[in-house]
Structures are given as structure tokens and as C-alpha cells.
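Please read this report alongside the sequence and the structure shown below. The text deals with the two chains in turn and then with the places where they meet.

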Amino acid sequence: MTSYDTVIGLEIHVALMTESKFLCSCKTTFGAPPNSQCCPVCLGLPGTLPLINEKAVEYATKAGLALNCQIHFFSRFDRKNYFYPDLPKAFQITQDAFPLCTDGFLEYYMDEQLVRTAITRIHLEEEAGKLIHSGPTIVDSEYSLVDYNRAGIPLIEIVTAPDIHTPRQARLFLEQLRLLMNYIGVSDTKMEEGSLRCDANISLKPAGSSVLGTKVEIKNLNSFRALEKALEYEERRQSKLLDRGEAIRQESRTWDERAGRTITMRSKGDAPDYRIFPEPDLPPLNLDPAWVSLIKVSVPELPLERLKRLEEEYGLSRYEATFLVNYRDFGDLFFELAEIGLEHKSIVNFLMGDYARLAREHGHMAAKRLAELLQLQAEGRISQNQAKAVLEELFSCRLSAREIVEKKGLEVVGDPAALQPVVAEVLDGNRELAARYKNGETKLLGFFVGQVMRATQGKADPETVSQLLRDELAD
Amino acid sequence: MLIDRQEVMRMARLARLELSDREIDQYQKDLTSFLSSGQKLQQVDVSAVEGTSHAVAMTHELRKDAVGESLPQAEILSAAPEAMDGFFKVPRIVEEQE
């Protein structure tokens with residue numbers, strides 16, 4: 001068995017979250033009745049003229065800036081011709097020779113190591129329609145149904161350099177890319193709705209060799225898991241072939257989720273000949289550098305920057321910081337609570353614990369409302385268990401934390417003067433046991449503490465009670 | 001010969017055109033003649049001319065991201081050879097796997 005180096009490159013399609021389509025004014029709403037959001041332009045009817053959506057250019061530029069790309073003020077559209085039922089015009093308007101963005105990178109952590117994947121290019125193009133196959137997969141479908149609502153939605157295609165080395169790294173990269181797109185607000189990146197899709201190219205070469213092997217393209221990777229599993233499968237398949245001295249065939253394969261394997265896709269007719277030429281219906285883009293600068297200013301703090309800030313300025317662990325980065329809404333809430341002056345570690349513990357569970361069910365709570373609860377706990381006015389009960393109430397009523405504590409009489413009673421009479425009463429009612437304690441049966445202390453707690457409906461501070469009891473019984 | 005019969009048949013397949021033998025011969029002659037005329041242009045010295053992608057020098061025009069009218073579903077499907085449940089229905093796309 002020879003050992004091989006794996007070389008992976010990804011092509012990611014991200015649907016941009018515009019209100020209207022890329023080249024016409026049809027809606028982009030997901031889940032509308034089929035073929036209800038189409039017009040002569042996106043249906044490719046003769047005599048129509050496309051007009052570029054400014055927002056799509058803005059979002060594509062923003063994505064390029066967030067991925068450290070060079071933004072080209074001049075870029076051009078091309079016509080890529082092919083026959084496929086999801087393509088109503090029988091060509092796709094895309095950018096071939098002069099893309100909007102090139103030469104970027106994304107940095108992310110893989111275990112403890114900061115790694116970088118180069119972004120070769122990002123270009124703007126239009127989405128195709130959606131196909132629903134009659135069979136479980138495209139290869140065993142007698143017919144397919146086509147919905148053109150999706151046709152013409154703006155997309156960016158992000159192409160990485162072939163410098164990803166393992167299936168797991170491919171997955172981590174895609175997860176980080178998705179997070180980044182969410183942070184900059186250009187896409188909802190829902191893989192299950194197809195607004196983030198990934199194709200992967202993978203080849204193997206003898207370890208250390210500088211010559212790339214024959215690559216295979218895998219399509220239809222609809223989840224992070226599918227991406228990782230398909231690449232793992234393809235690594236095994238290709239290494240077995242190479243071990244036997246067989247050649248890898250350059251081809252497109254599709255991932256069969258159920259069978260857990262990739263299968264060859266052979267389309268009818270020739271190998272694709274896209275006959276790409278400059279799109280005659282659209283003049284080239286000539287962006288104003290000042291406009292690009294404005295977009296640059298609108299790029300918010302990105303995930304890796306936030307991670308560093310949480311670790312370095314707020315003293316959080318990688319684990320805690322990662323949680324607050326991956327769940328951006330929790331991160332935002334953390335900063336608001338920290339701003340109020342609460343202790344950082346206790347905020348993050350609280351957010352990752354009971355709060356996370358309840359917030360997922362009911363939605364987030366205003367920072368001020370939460371801060372009051374955390375303050376009561378920090379001051380020792382309520383116990384951790386009581387805080388949990390108050391939190392549940394906070395989600396279901398309009399009262400403030402302080403009001404709930406008062407209403408339920410939850411406050412911890414730690415004042416010895418207030419507790420002294422209760423302690424005396426309990427000892428008075430259990431004289432026999434008190435005598436046994438004095439005779440050395442000290443384990444009875446727990447019983448007395450329990451009695452005081454019961455008499456105060458759990459409000460007494462157990463520490464103070466124990467001390468008072470020991471003092472009393474020592475006499 | 002700039003274009004042979006094979007090439008005509010390939011283009012016809014790409015364009016989804018069904019041509020008779022006689023038409024293939026005719027197109028082979030016509031296309032060869034077109035390209036021969038085109039070859040004359042190759043002799044022009046264009047070394048001082050800047051490359052262009054569009055015949056008319058224009059700069060882009062962008063529209064605001066605003067939603068407009070779409071066509072009713074029935075009208076959209078009215079041109080479909082076959083429709084089903086609001087969808088266009090198309091025949092088998094990919095051949096059987098090996």
C-alpha cells in the first residue's frame with residue numbers, strides 16, 4: 001500500500017439574500033407555489049433584457065472583502081451555454097474571464113492550529129431552476145419536475161485553491177465559510193433549502209509528490225456530513241484503484257446518501273462545450289472605488305476577530321469563545337451583559353447553561369432583564385437553584401427578576417438575627433435529638449439544618465444556619 | 001476544408017437540431033464559406049486596437065432591489081409541452097449508471 005496525499009478544492013454556491021432576483025424584479029421568497037415567481041426575463045422568453053440588481057453586486061463585493069479578496073472595479077459577464085432542464089434560457093449568465101473578486105483567503109482554526117485556505121475567485125452568476133426527480137436519485141428517475149422560481153436568484157460562486165488536505169478540513173472550512181456569510185448578512189446559507197451548496201474536487205498523489213493526480217468532481221453535497229463522508233469514500237475508492245495500478249477517470253460523480261457511496265454521473269451527449277462568450281445583453285461592471293470603500297466600512301466584525309477578542313480581552317477559554325462565536329446571537333448578548341459590568345465567566349456559564357436551553361425554546365431575552373437576575377445571583381441574594389426558577393418565570397411572565405424574587409419570597413435569608421428565632425424553635429421542638437447531638441451524635445446537624453430550611457421555605461442561607469446551630473448546640 | 005461533416009453533426013447535437021444528410025452537406029458548405037470570409041479579417045492589423053467585449057462602449061446600469069410583478073402560474077405553464085402539479089415536466093435527464 002502506497003501512502004497518498006489528498007488534494008481537495010471546493011466550489012461553493014451561495015444564494016444572496018436579495019428581495020428581488022439578479023436580473024429581473026421577481027420575488028425570491030423560498031417555498032412559494034412552483035412557477036409563481038417568474039417573468040419573461042427569468043423564463044428566458046425572446047426579446048427580454050436583463051438589468052442587474054445593485055444589491056447583488058453589493059453583497060458579492062462584501063463577500064469578497066470579508067474573504068480578503070482583491071475587488072476588481074472592472075468585471076464582465078459571460079454567457080455559458082448548455083442544455084439542462086433547470087436552465088430556461090439554455091445559457092447561464094455568469095462571470096468567466098473577468099470575475100468580480102480574486103486572490104483571497106479564509107483563516108480558521110483546525111484543532112489548535114490556525115490554518116488558511118486560499119480563495120481563487122468569487123464571481124456573480126444567476127441561479128438555475130429547481131429539479132424534483134421522480135425517482136430516489138437523478139439516475140433512476142424516468143422524469144423530473146421543474147420549478148423556475150429559483151431561476152435567476154443571484155448567486156456567488158466561491159472557488160478555493162486545491163489546498164485542503166483532509167475531508168475533515170473541507171468540512172471545517174465550509175462551516176467557517178457559512179458562519180462568515182451569516183456574519184456579513186449576505187445569505188441565510190440554509191443547506192437544506194439549497195441556499196448554500198458545495199461541489200468538491202478531489203485527487204490523490206503519491207505522498208510528497210508535486211504532480212497532481214487526476215481529479216474527480218463530486219456533486220450533490222447537501223450537508224456538512226455529506227461533504228465529509230463523500231470525500232472519505234472517494235479517498236478510499238481512489239487509493240484502492242491506484243494501489244492496483246489503475247487510472248483514475250476524470251469525471252463527475254454524485255453522492256448517494258443512502259448507499260453511502262459516490263456514483264458516476266453520465267449525461268447524454270458530448271462532454272460539455274459551454275461556448276462561453278461575452279454576454280451581449282449586459283455591459284461590463286465598472287464599480288466606483290468610493291462605493292466599494294463604503295461597502296468595506298459596512299463589513300462587521302468577523303468570526304475569527306470575535307474569537308480573538310473574546311479570548312484576549314475577555315479572558316474566555318477557546319471552548320467558551322467558540323460557543324459565543326458560533327452562536328452569534330449569544331455572543332451579542334454576552335457583550336451587552338459584559339458592558340453592564342457583570343463578571344465574564346459567570347455570564348458565559350449562565351448563557352451556555354439553563355439560558356441556552358430556554359432561549360432555544362422561547363427566543364432571546366433583553367439583556368437588561370437578564371442582567372438584573374445575574375446581579376441578584378452575584379450579590380448572593382438568591383441561590384443558583386433559585387436563579388434557575390426565576391429564569392423560567394422570566395420567560396413566562398412580564399415581571400422583572402427582582403419582582404419575581406419578592407413575589408415568591410425567594411430571597412436568601414442570611415441575617416443571623418432573623419434566623420436565630422427559627423433555630424431556637426427547631427431545637428426546642430427536638431429536645432431529645434438535641435441531647436443526642438450534644439452527646440456526640442454530630443451527624444444529626446444535617447437534620448436540624450433541613451428542619452430550619454423547611455421552616456423558612458428554603459430561603460435560609462444554609463451556611464449561616466449551620467453556624468448558628470453549632471453555636472447553639474455547643475452551649 | 002474548415003468545417004467537416006463531423007463538426008456540423010456535433011454542432012447540430014449541441015443545438016438540439018435534427019438535420020437530414022442533405023442539410024448536413026449544405027451546412028458544411030455554407031459554414032465553411034462563412035469561415036473563409038472570416039479568415040480575411042485575420043489579415044487586418046489590429047495590434048493598435050484595444051480589445052473589446054461590446055460593440056458599443058457602455059457602462060453598467062444597475063437597478064434598485066425592488067420587487068415587481070411576476071406572471072401568473074397558468075400563463076407561465078401555458079407554453080410547456082407537459083406540466084404536472086404546477087411544475088414543468090421533463091423526460092429522463094441522466095442515463096443509467098454503469
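What follows describes a predicted model, from overall dimensions down to single strand pairings.

**Overall dimensions**

Chain A contains 15 helices and 17 strands. In chain B the secondary structure comes to three helices and three strands, and from the N terminus on these elements run α-α-β-α-β-β. The table sets out values for the two chains.

| Chain | Residues | Radius of gyration | Value for a compact globule | Buried residues |
|---|---|---|---|---|
| A | 475 residues | 31 Å | near 23 Å | 35% |
| B | 98 residues | 23 Å | near 13 Å | 6% |

For chain A, a compact globule of 475 residues would have a radius of gyration near 23 Å, but the chain has 31 Å. Its C-alpha atoms fill a box of roughly 100 × 55 × 45 Å along the principal axes. For chain B, the radius of gyration is 23 Å, where a compact globule of 98 residues would have one near 13 Å. The C-alpha trace of chain B spans about 55 × 45 × 30 Å along its principal axes.

Burial can be read chain by chain. In chain A, 35% of the 475 residues count as buried; in chain B, buried residues make up 6% of the 98. Among the contacts in chain A with a separation of 6 or more, 69% are between residues 24 or more positions apart.

**Domains of chain A**

The domain assignment divides chain A into domain 1 (4–295), domain 2 (301–408) and domain 3 (416–474). Taken over C-alpha atoms, the centres of domain 2 and domain 3 of chain A are separated by 36 Å.

**Helix H1 of chain A**

Helix H1 of chain A covers residues 54–66, which makes 13 residues. From first C-alpha to last, H1(A) reaches 18 Å, close to the 18 Å expected at 1.5 Å a residue. H1(A) is mostly covered, with 12 of its 13 residues buried. The buried residues include Lys55(A), Glu58(A) and Lys62(A), as well as Val57(A), Tyr59(A) and Leu65(A). Just after H1(A), Asn68(A) takes a positive phi of about 60°.

**A sheet within chain A**

Three strands of chain A form an open sheet in the order S6-S5-S16, with antiparallel pairing. Strand S6 (91–94) and strand S16 (277–278) of chain A each have a single partner strand, so one side of each is left without a neighbour in the sheet. Strand S5 of chain A covers residues 78–81 and pairs with S16(A) over two bridges in the antiparallel sense. In that pairing Arg79(A) stands opposite Phe277(A) in S16(A). S5(A) and S6(A) also pair in the antiparallel sense, over four bridges. Here Asn81(A) stands opposite Phe91(A) in S6(A).

**Where chain B meets chain A**

In the contact between the chains, 36 residues of chain B touch 47 residues of chain A. On chain B, the elements giving two or more residues to this side are helix H1 (5–14), strand S1 (62–63), helix H3 (73–77) and strand S3 (87–91). S3(B) provides the largest share, five residues. By class, the side of chain B that touches chain A has 15 nonpolar, nine polar and 12 charged residues.

Strand pairing also crosses between the chains. Strands of a sheet pair through backbone hydrogen bonds, either parallel or antiparallel. Which sense applies to each crossing?

Strand S2 of chain A (residues 52–53) is joined to S1(B) by two bridges, and these strands run parallel. Asn53(A) stands opposite Arg63(B) in S1(B).

The other crossing belongs to a four-stranded open sheet in the order S9(A)-S10(A)-S3(B)-S2(B), where the pairing is antiparallel. Its edge strands are strand S9 (130–133) of chain A and strand S2 (83–84) of chain B, each of which pairs on one side only. Strand S10 of chain A (residues 143–147) and S3(B) are joined by four bridges and run antiparallel. Within this sheet, Tyr143(A) stands opposite Pro91(B) in S3(B).

Key. Residues are numbered from 1 along each chain as its sequence is written. Chains are lettered from A and ligands numbered from 1 in the order in which they are written. This is a predicted model: local features need pLDDT of at least 70, side-chain atom pairs count only at pLDDT 80 or more; totals for chains, interfaces and linings use all residues. The expected span of a helix is 1.5 Å times one less than its number of residues. A residue is buried if 20 or more other C-beta atoms lie within 10 Å of its own, exposed if 12 or fewer, and partly exposed in between; C-beta atoms are placed from the backbone. The radius of gyration is taken over C-alpha atoms; the globule rule is 2.2 Å times the number of residues to the power 0.38. Two residues are in contact if their C-beta atoms, placed from the backbone, lie within 7 Å. Ala, Val, Leu, Ile, Met, Phe, Trp, Tyr, Cys and Pro count as nonpolar, Asp, Glu, Lys and Arg as charged, and the others, Gly among them, as polar. Two strands pair if DSSP finds at least two bridges between them. Domain bounds come from an automatic or database domain assignment.
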